[in-house]
Amino acid sequence: MSNLLQEIEAQISGAKAAVAKQNVGVVREIGDGVAKIEGLTDTMLNEMLDFGNGITGIALNLEETEVGAIILGDYTAIKEGSEVRTTGKLLQVPVGKGLLGRVVNALGQPIDGKGPIKSDTSYPVEKIAPGIVRRKSVSQPVQTGIMAIDAMIPIGRGQRELIIGDRSTGKTTIGVDTMINQARINKAAEAAGDKDFRPIYNIYVAIGQKQSNIARVLNVLEEAGAMPYTIIVVAAASDSATNQYLVPFAGAAIGEWFMDNGMDALIIYDDLSKHAVAYRQVSLVLKRPSGREAYPGDVFYLHSRLLERSARVSEYYGNGSLTALPIVETQAGDVSAYIPTNVISITDGQIYLETDLFYQGIRPAISVGLSVSRVGSAAQIKAMKQVAGRIKGDLAQFRELAAFAQFGSDLDAKTQALLERGKRIVELFKQNQYNPMPIEAQAAILWTVQNNFLDDVPVEKIKDFQAKLMDYLKTRRADLLKKILTEKAISDGIAADLKAALNEFKPTYH
Amino acid sequence: MKISKQALREARELFRTCQVNGLLDESRVRQALALLSEKKPRGYMEILGRLHRLVKLDLERRMVKVESATPLPPDMQNDVAGQIKKKYGNGMNISFTQNPALIGGLRIQAGSDLYDGSVKTRLEKLEESFENA
């Protein structure tokens with residue numbers, strides 16, 4: 001017993017009350033979500049600062065006599081003269097599969113009222129993008145379920161494809177459709193018990209969006225059953241500019257966890273023009289020098305470092321990927337404005353949506369001439385390449401001829417045929433929102449038009465014909481669709497089967 | 001107050017020349033002030049304002065505030081002062097004050113470095129750890 005007492009006494013005498021060194025400063029100026037702090041001689045760039053009462057800030061400007069910091073949370077509680085401490089930590093967000101199905105804010109805190117998030121890993125919000133050694137070129141497809149995109153502007157895993165267009169031209173819808181399609185594919189593969197299948201998880205980052213819009217997207221995703229594969233990261237229009245500036249980086253960190261752990265993720269930044277505006281506000285109140293359109297000089301680097309974090313990682317480093325679909329809103333179709341040109345030059349292609357097409361009823365209103373995918377064709381499956389290889393050229397020719405044909409009535413048979421084919425393709429590419437189409441169905445329908453089965457169907461009946469043909473194929477020839485999906489190519493056998501199916505279906509169509 | 005770049009530069013230069021071996025020399029500062037008010041170079045008010053700020057920050061950087069709940073006995077004061085000198089070198093302006101709110105222990109702030117070993121802070125930390133648990 002006396003031994004025990006001695007041991008305890010030894011413990012007491014050995015125990016030192018360790019006093020940690022801290023670095024403190026004093027708030028000299030506070031306002032507009034930005035604080036100027038004196039002292040803090042040891043602070044690091046981008047370090048988290050503790051303002052007390054659970055309020056944190058980030059040191060963004062290190063100047064000769066003071067530190068400029070942005071405040072996360074309610075800055076009105078901070079008073080001039082209050083004490084600030086360094087934390088020695090960078091801003092971090094929780095990551096992992098525990099976030100799936102949840103709605104979180106820029107700090108990774110849940111805002112959906114479904115209780116705390118189960119996560120034991122955190123990632124820094126600002127992270128250096130994977131280098132050239134770790135990367136691999138894009139080679140696997142991301143199927144958006146939108147026929148016009150999958151056929152003409154294919155997207156691969158690890159690609160960054162910009163969605164650009166005026167207000168209300170269906171930019172968000174393309175993103176939402178893509179998320180719904182991923183969930184559909186994931187569910188189908190899970191049901192089939194496919195072991196080699198690599199699911200794609202979705203991250204939707206809402207930057208400066210109206211709360212009602214976010215609620216609508218959330219609703220659509222829930223109705224479509226896509227939420228179990230989706231994380232929504234929100235800094236709404238009513239959140240501070242600081243949070244709006246940080247939220248895409250938080251989303252990227254959440255996506256990087258999937259990439260680093262050998263999984264595939266898709267991230268949608270909706271939208272980067274609002275992000276640039278939030279960053280401009282933060283920079284201006286920090287009194288950083290402004291440049292063109294009052295944006296700070298590093299607005300290009302802001303987006304390039306964000307989008308560079310999307311990558312396809314090689315097998316040796318885990319074979320994961322992070323695909324980015326940034327959205328940028330243009331004013332009156334001006335793609336040569338500052339932010340659109342910046343983001344166009346950073347991304348691997350863009351999907352350009354036009355107001356005119358939208359109001360002509362061509363939805364999704366994708367402009368074929370201005371939309372490109374610089375790396376995605378390497379990721380397209382063979383079946384799509386076989387049937388869609390010529391479509392972009394055909395459509396471009398059609399647009400040119402259509403303008404020309406308005407003036408003349410006498411056209412030769414070849415031109416006439418091209419025009420008729422073009423009209424049918426345009427009609428085929430019309431697609432309802434939130435209604436993604438499986439890739440095998442897309443291949444089958446495009447094969448049909450390429451093999452002249454639609455030439456005698458009137459243009460206004462095309463959509464009806466397509467719907468009925470799909471019904472027929474799904475109910476009567478499901479094996480054929482499955483074969484296209486598993487073989488990923490249209491072999492001679494499949495072509496013969498398709499021909500037989502069309503010959504059987506066509507006489508029954510009225 | 002908006003201050004011109006030239007004034008900023010000149011104030012910084014002046015501040016540097018007032019330093020001897022990295023420490024601010026009071027007589028040199030007074031000399032500089034006298035010269036400034038005599039010669040009145042362009043923007044001398046701005047330079048003076050900036051110099052005031054630089055000197056103020058330098059003094060704050062060299063100020064060491066030792067707080068304790070009860071007055072420290074002289075030998076302990078010497079001990080603390082010696083340790084501070086060992087760590088931060090000469091030129092530190094050490095002041096001892098009494099703050100019963102600390103309950104016990106010491107709170108030493110040297111410039112922007114803070115060593116807080118007070119009972120009050122430890123209790124607060126304990127409270128926080130209970131709240132987070």
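1. Strand pairing across the chains. In this predicted model, strand β1 of chain A (residues 21–31) is joined to β6(B) by 3 bridges, and the two strands run antiparallel. One pair you can look up directly: K21(A) has Y115(B) as its bridge partner in β6(B).

2. The contact as a whole. Chain A puts 12 residues into the contact and chain B puts in 9. On the chain B side, two elements each supply at least two residues: α3 (44–61) and β6 (113–116). Of the elements there, β6(B) gives the most, with 4 residues, and β6(B) is also the strand that bridges to β1 of chain A.

3. Make-up of the chain B side. What kinds of residue does chain B turn towards chain A, by class? There's an even split: 3 nonpolar, 3 polar and 3 charged.

4. Helix α6(A), length check. I also had a look at α6 of chain A, residues 272–285. With 14 residues at 1.5 Å a residue, the helix should span 20 Å, and its end C-alpha atoms are 20 Å apart, so the two agree.

5. Helix α6(A), surroundings. Because 10 of its 14 residues are buried, α6(A) is largely enclosed by the rest of the structure. The buried set runs L272(A), S273(A), K274(A), H275(A) and A276(A), then A278(A), Y279(A) and R280(A), and finally V282(A) and S283(A). Note that K274(A), H275(A) and R280(A) are among them.

6. Just past the helix. Worth a glance at the backbone here: K287(A), just after α6(A), takes a positive phi of about 60 degrees.

Methods:
Residues numbered from 1 in each chain as written. Chains lettered and ligands numbered in written order. Predicted model: local features only at pLDDT ≥ 70, side-chain atom pairs only at ≥ 80, totals over all residues. Contact = placed C-beta atoms within 7 Å. Nonpolar A, V, L, I, M, F, W, Y, C, P; charged D, E, K, R; others polar. Pairing = 2+ DSSP bridges. Expected span 1.5 Å × (residues − 1). Buried ≥ 20, exposed ≤ 12 C-beta atoms within 10 Å, placed from the backbone.
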